[in-house]
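Reader: Could you take me through this structure slowly, and show how each label is earned from the values behind it?

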Amino acid sequence: MKLLKDILYKVELESIAGNANIAIPHICFDSRVVQKDSLFVAVNGSVSDGHAFIEKAISLGALAIICEKLPLVLNPEVVYIKVKDTATALGIIAADFYDNPSEKIKTWLKTLRKLNVSVLFATQSSSDVLDSDIVNTLIESCPSRIFLP
């Protein structure tokens with residue numbers, strides 16, 4: 001759980017209505033998964049505009065809203081943060097909320113490079129097809145091998 005003011009640290013804010021000194025246990029951009037005290041980010045997507053779901057998110061328990069357009073009527077129990085680009089803000093907020101995992105990976109990789117260790121990450125979901133010949137060729141070219149499940 002993080003304070004809203006702390007996860008907004010690097011976000012370019014246009015305005016804030018309400019107190020940003022509140023605890024946020026959950027971040028979401030899909031109103032169907034809003035939980036009590038969530039931060040809801042109204043992302044304007046290719047299929048739907050998250051701004052159309054702000055009221056639903058609030059009714060499900062969202063305590064704070066990140067948006068590009070403020071609603072006409074503001075709920076006094078909710079913190080509204082207006083930004084220029086909610087998709088960009090979501091990336092920054094998520095990184096801060098989860099303690100910047102990509103920075104930790106970069107640090108880990110720098111350490112491995114100093115030790116002259118090559119690293120290959122291969123992931124596969126149920127919808128992906130991974131060419132095992134390519135992966136095997138890459139693995140065989142690595143001087144040191146560590147395999148993780």
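Author: Let us begin with a term: a salt bridge is a side-chain nitrogen of Lys or Arg within 4 Å of a carboxyl oxygen of Asp or Glu. Please keep in mind that this is a predicted model.

Reader: What makes lysine 69 and aspartate 49 a salt bridge?

Author: Their side chains meet at 3.2 Å, N to O, and because the cut-off is 4 Å, the pair qualifies. Lysine 69 lies in the loop between E6 and E7, whereas aspartate 49 lies in the loop between E5 and helix H2 (54-59), so the salt bridge ties together parts that are 20 residues apart in sequence.

Reader: Why is lysine 69 called partly exposed?

Author: Its relative accessible area is 48%, and since buried means under 20% and exposed over 50%, lysine 69 falls in between.

Reader: How do you know that lysine 36 counts as exposed?

Author: Lysine 36 has 62% relative accessibility, and exposed means over 50%, so the label follows. The side chain of lysine 36 also meets that of aspartate 37 in a salt bridge, at 3.4 Å from N to O, and aspartate 37, with a relative accessible area of 25%, is partly exposed.

Reader: Which parts of the chain does the salt bridge of lysine 2 and aspartate 99 link?

Author: This pair, at 2.4 Å from N to O, links distant parts of the chain, with lysine 2 in strand E1 (residues 2-3) and aspartate 99 in the loop between H3 and helix H4 (101-114), 97 residues apart.

Technical notes
Residues numbered from 1 in each chain as written. Predicted model: local features only at pLDDT ≥ 70, side-chain atom pairs only at ≥ 80, totals over all residues. Heavy atoms only, no water. Helix = DSSP H or I, 4+ residues; strand = E, 2+ residues; numbered from the N terminus. Buried < 20%, exposed > 50% of the residue type's maximum accessible area, 1.4 Å probe, protein only.
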